Amino acid sequence: TQANIDTVVHLSALPSMPINQQFVFDNSNFKYSISSRFDSASVNYHIKKSDWNNNLVWEQDFDGRNKGIDSIKAILIDDNNNLYVTGKSWNGVDYDVLTIKYDTAGNTYWIAKYNDKQIGNDEPLGFEIDSNFHIKVYVHSYNDSIAMYKTIYYTQCDSSCTQNYRIKNSKNEKSKISSDGNLDLIVYPIPATDKLSLVLNSENSSQTFSLNMFDMTGRLVFS
């Protein structure tokens with residue numbers, strides 16, 4: 001399965017936050033708790049499962065890129081006993097929102113990152129699951145001169161899903177490129193493969209285009 005960003009909503013004020021849980025229980029009364037584990041080189045996500053006598057069943061660490069700070073924020077469990085954790089993860093330049101889905105055996109279903117490379121740091125304030133199993137993450141994006149709040153909506157999709165990719169520009173207008181302008185195209189959900197076809201049509205046969213492609217961390221991968 002995978003999680004794709006479906007919608008990003010910009011908010012003018014901090015919304016009402018759900019309670020950030022540090023532990024949850026499944027239908028069999030097993031407990032799942034989170035903490036940020038420190039080692040000599042980094043800080044990692046830490047999640048553990050224990051039984052009703054507080055005996056350890058399993059534990060998992062997640063160490064993100066660059067051996068930096070990966071600080072876990074909250075944990076949720078849905079009606080099917082799927083576990084979700086979210087927090088912030090250092091990408092080498094700034095912080096991303098990093099959300100992970102696990103099953104009750106500690107296996108990872110998917111890892112989803114959000115990075116607004118135009119602003120800088122992205123940090124989750126809380127998250128919740130709606131009735132359609134959409135993941136809603138409330139995000140604070142900030143740098144030295146600007147700060148804003150957002151709600152990130154993730155949709156979950158298994159291997160049988162058909163992915164429909166939508167392309168829009170930063171102004172949510174139709175993706176029409178003028179002869180003297182630039183257009184920032186955002187492709188979402190994230191393609192499940194490493195191939196993406198892009199067709200650019202122009203009424204002017206002499207017009208040329210330059211194409212730069214970036215990954216979600218803002219790293220240039222093609223020019």
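**First stop: Lys101 and Tyr109**

Start by selecting Lys101 and Tyr109: the charged end of Lys101 sits over the ring of Tyr109, 4.8 Å from its centre. Keep in mind as you look around that this is a predicted model.

There is a second arrangement of this kind to select, made by Lys31 and Phe23. Here the charged end of Lys31 lies over the Phe23 ring, at 4.6 Å from the ring centre. We will come back to Lys31 later in the tour.

**Zoom out: the whole chain**

Now show the full chain as a cartoon. How many helices and strands does the chain have? You will find 16 strands and zero helices. Of the 223 residues in the chain, 34% are buried. If you switch on a surface, the chain exposes about 13500 Å², with carbon and sulfur atoms supplying 47% of that area. For the contacts between residues at least 6 apart in sequence, 48% join residues at least 24 apart.

**Select strands 2 to 5: an open sheet**

Colour strand 2 (23–25), strand 3 (31–38), strand 4 (43–50) and strand 5 (56–62). Together they make an open sheet of four strands in the order 2-3-4-5, paired antiparallel. Strand 2 and strand 5 stand at the edges, each with a single partner strand, so one side of each has no neighbour in the sheet. From one strand to the next, the twist averages 20°. While you have side chains displayed, a general point helps: in a regular strand they alternate between the two faces of the sheet.

Walk across the sheet one pairing at a time:

- Strand 2 and strand 3 run antiparallel and are joined by three bridges. Select Val24 to find its bridge partner in strand 3, Tyr32.
- Strand 3 and strand 4 pair in the antiparallel sense over eight bridges. Ser35 has His46 as its bridge partner in strand 4, and a hairpin of four residues joins the two strands.
- Strand 4 and strand 5 also run antiparallel, with six bridges between them. His46 appears again here, with Asp61 as its bridge partner in strand 5.

**Select Asn29: the turn of a hairpin**

Go back to strand 2 and strand 3, which form a hairpin with five residues between them. Within that loop, pick out Asn29. What is the phi of Asn29? The angle is positive, about 70°, although Asn29 is not a glycine. As background, most residues other than glycine have a negative phi. Asn29 is partly exposed, with a relative accessible area of 44%.

**Select Asn81: another positive phi**

Next, jump to the loop between strand 6 (70–77) and strand 7 (83–90), where Asn81 is found. Phi of Asn81 is near 65°, again a positive value in a residue other than glycine. Is Asn81 buried or exposed? Asn81 counts as buried, because its relative accessibility is 18% and the cut-off for buried is under 20%.

**Select Ser50: a buried spot in strand 4**

Return to strand 4 and click on Ser50. At 4% relative accessibility, Ser50 counts as buried. Which residues is Ser50 in contact with, leaving aside its neighbours within four places in sequence? They are Phe30, Lys31, Asn55, Leu56 and Val57. Lys31 is the residue whose charged end you saw over the ring of Phe23.

**Last stop: aromatic pairs**

Finish by displaying the rings, since the structure holds six aromatic pairs. Select Tyr84 and Trp110, a tilted pair with 6.1 Å from centre to centre and 50° between the planes. Tyr84 lies in strand 7 and Trp110 in strand 9 (residues 108–114), so this pair ties together parts that are 26 residues apart in sequence. Tyr84 is buried, with a relative accessible area of 0%, and Trp110 is buried as well, at 4%.

Then select Trp90 and Tyr95. Why does this pair count as edge-to-face? The ring centres are 5.1 Å apart and the planes meet at 65°, and planes over 60 degrees apart count as edge-to-face. Trp90 is partly exposed, with a relative accessible area of 26%, whereas Tyr95 is buried at 14%.

Methods
Residues numbered from 1 in each chain as written. Predicted model: local features only at pLDDT ≥ 70, side-chain atom pairs only at ≥ 80, totals over all residues. Heavy atoms only, no water. Buried < 20%, exposed > 50% of the residue type's maximum accessible area, 1.4 Å probe, protein only. Pairing = 2+ DSSP bridges. Axes fitted to C-alpha atoms, helices over the stretch in contact; angles between N-to-C directions. Contact = heavy atoms within 4.5 Å. Areas by Shrake-Rupley, 256 points an atom, 1.4 Å probe, with all protein chains shown as cover. Phe/Tyr/Trp six-rings, centres within 6.5 Å; stacked < 30°, edge-to-face > 60°. Lys NZ or Arg CZ within 6 Å of the ring centre and 35° of its normal.
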